[in-house]
Structures are given as structure tokens and as C-alpha cells.
Amino acid sequence: MDALSIHLMINHVPVLSVIIGTLLVILATFIRRRSLWRLGTAALVVAGVSFYPVQWTGGNAEQVDMKRWYVQRDAIEEHEEASEQAIWVVLLAGGVAAYAFWRASRGPVTELPVVPAWLRGAVVVTALAASAATIKVAYEAGFISHKNPLLTRDTVPPADSVPVKVPRGLMPPE
């Protein structure tokens, strides 16, 4: 198993954790349920913890992906830049969420989270920022393969311009 396969397997963990965590803390803010608040903040902590391994495997996956004839360096660079910016936002959201989780876990067990309003606001704001940054990273990743203009055309480049052998099924009929 190469670095690209590992990266593609684990890259959905922080994306889904941030989105689900954000939705849960927003919902918990409105309906005031301690269980939703703790679950949402826990999901944001998971996102913060899992983002760095995904970014680390992405650096190694870049070396593997660049050997493919259809991969454009610009698409990888845009994805990498978005990831380098997003990691700080997601780590901040994970840290704030960890503190909020700790605050909600202590004190009397009631349905209402024992968290000050300023901390609830900080969690929601950082979670929304982390969601936006993570969605941008995922969007940019789509241009590496899924939305790659070279793969959306009807033909592939001539075989003599391709540095690697093109599988037989990808060549246009003559």
C-alpha cells in the first residue's frame, strides 16, 4: 500500500468530523442539549487530532501522484496551500472544543451544558471557520483527479507525449 492509498483512506476523517461537529454544536446551541454539545465538541477534537496525519500523508502522496500522466502540479499546489492554511484553523477549533468539552463534562449532570455563553460562541465561530477551511481543502482536492480537465475531455493526449504507458482502455478508438 502506497502513501497515496493511505492518504485517500484517512482524508475523510477530519472533513466529516468538522462538518458533523459543527452541525451538532450549532444544533446544541439552539436546543440546549448537553449530549449533543459533548458529541459535537468531541467530533471537533477528533478533527483537530486527525488533520495533521492526513496532511503528513498528503506530502508523501504527492510524490506518488506526480507520476501519473494526468495530474497537474498546479492542482496539487492549490490543495496543499489550502491544507496548510486549514490546519491552523482546525487545530484552533479542536483546542477550543477540547476546552469546551472539559467544561461541559464537569459540574452537575443536567440537560443544559455547563458552558459559558462566550465559550459556546467561540466553539461555534471556530467550528464554522474550520468547516469553511476544510471544505476548501476538499474542493481543491477534487481538481487533482475528479474534476481534472485532462480527464474530462473526450480524448487523452497522444501516446508519445505521455511519460508512462497509458492503459489500453483509455486510448481513443482509431
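**Exercise 1. The largest pocket**

Which residues lie nearest the centre of the largest pocket, and how many residues line it?

*Solution.* Before we start, keep in mind that we are working with a predicted model.

Step 1. Begin at the middle: His7, Asn11, His79, Ala141 and Ile144 lie nearest the centre of the pocket. The full lining counts 30 residues.

Step 2. Next, the space itself: the largest pocket holds about 750 Å³.

Step 3. Now sort the lining by chemistry. It divides into 13 nonpolar, 12 polar and five charged residues.

Step 4. Finally, trace the lining back to the helices. At least two lining residues come from each of helix 1 (3-10), helix 2, helix 3, helix 4 (73-105) and helix 5. Helix 3 gives the most, with eight residues.

**Exercise 2. The overall layout**

Describe the secondary structure of the protein, how much of the chain is buried, and how far apart in sequence its contacts reach.

*Solution.* Step 1. Count the elements: the protein has six helices and zero strands. Along the sequence, that reads as α-α-α-α-α-α.

Step 2. Turn to burial. The protein has 174 residues, and 39% of them count as buried.

Step 3. Look at the contacts with a separation of 6 or more. Residues 24 or more positions apart account for 76% of these.

**Exercise 3. Where to trust the coordinates**

Find the helices with the lowest and the highest mean pLDDT, and say what a low value implies for your reading of the model.

*Solution.* Step 1. Take the protein as a whole: its mean pLDDT is 83, and 80% of its residues reach 70 or more.

Step 2. Compare the elements. Helix 2 has the highest mean pLDDT, 95, while helix 6 (residues 149-152) has the lowest, 67.

Step 3. Apply the general rule: where pLDDT is low, predicted coordinates should not be read in detail.

**Exercise 4. Threonine 22 and its partners**

Is threonine 22 buried or exposed, and which polar partners does its side chain have?

*Solution.* Step 1. Place the residue: threonine 22 is in helix 2 (residues 12-31).

Step 2. Check burial. Threonine 22 has a relative accessibility of 4%, so it counts as buried, the cut-off being under 20%.

Step 3. List its contacts beyond four places in sequence: Leu44, Ala127, Leu128 and Ser131.

Step 4. Pick out the polar pairs. With the side chain of serine 131, the side chain of threonine 22 makes a polar contact at 2.7 Å. The side chain of threonine 22 also reaches the backbone oxygen of alanine 127, at 3.1 Å.

Step 5. Add a C-alpha distance: threonine 22 and valine 123 are 101 residues apart along the chain, yet their C-alpha atoms are separated by 8.6 Å.

**Exercise 5. Two more threonines**

For threonine 41 and threonine 126, work out the helix, the burial, the backbone oxygen that the side chain meets, and the contacts farther along the sequence.

*Solution.* Step 1. Threonine 41 sits in helix 3. Its relative accessible area is 0%, so threonine 41 is buried.

Step 2. A polar atom of the threonine 41 side chain lies 3.1 Å from the backbone oxygen of arginine 38. Beyond four places in sequence, threonine 41 touches Val25, Ala97, Ala100, Phe101 and Val123. The C-alpha atoms of threonine 41 and glycine 95 are 9.7 Å apart, with their positions 54 residues apart along the chain.

Step 3. Threonine 126 belongs to helix 5 (residues 117-142). Threonine 126 counts as buried because its relative accessibility is 13%.

Step 4. The backbone oxygen of valine 123 lies 3.2 Å from a polar atom of the threonine 126 side chain. Leaving aside neighbours within four places in sequence, the contacts of threonine 126 are Leu92, Ala93 and Val96.

**Exercise 6. Serine 83 and arginine 32**

Where are serine 83 and arginine 32 found, and what is the phi of arginine 32?

*Solution.* Step 1. Serine 83 is in helix 4. With a relative accessible area of 10%, serine 83 is buried. Phe51, Gln55 and Val137 are its contacts beyond four places in sequence.

Step 2. Arginine 32 lies in the loop between helix 2 and helix 3 (34-65). At 30% relative accessibility, arginine 32 counts as partly exposed.

Step 3. The phi of arginine 32 is near 55°, a positive value in a residue other than glycine. Most residues other than glycine have a negative phi.

How values were computed. Residues numbered from 1 in each chain as written. Heavy atoms only, no water. Helix = DSSP H or I, 4+ residues; strand = E, 2+ residues; numbered from the N terminus. Buried < 20%, exposed > 50% of the residue type's maximum accessible area, 1.4 Å probe, protein only. Polar contact = N/O pair within 3.5 Å; in protein donor to acceptor, adjacent residues only side chain to side chain. Contact = heavy atoms within 4.5 Å. pLDDT = per-residue confidence, 0-100. 1 Å grid on protein atoms, 1.4 Å probe; cavity = no way out; pocket = protein on both sides within 12 Å on 5 of 7 lines; lining within 4 Å. Points joined across faces, edges and corners; volume = space filled by probe spheres on them. Nonpolar A, V, L, I, M, F, W, Y, C, P; charged D, E, K, R; others polar.
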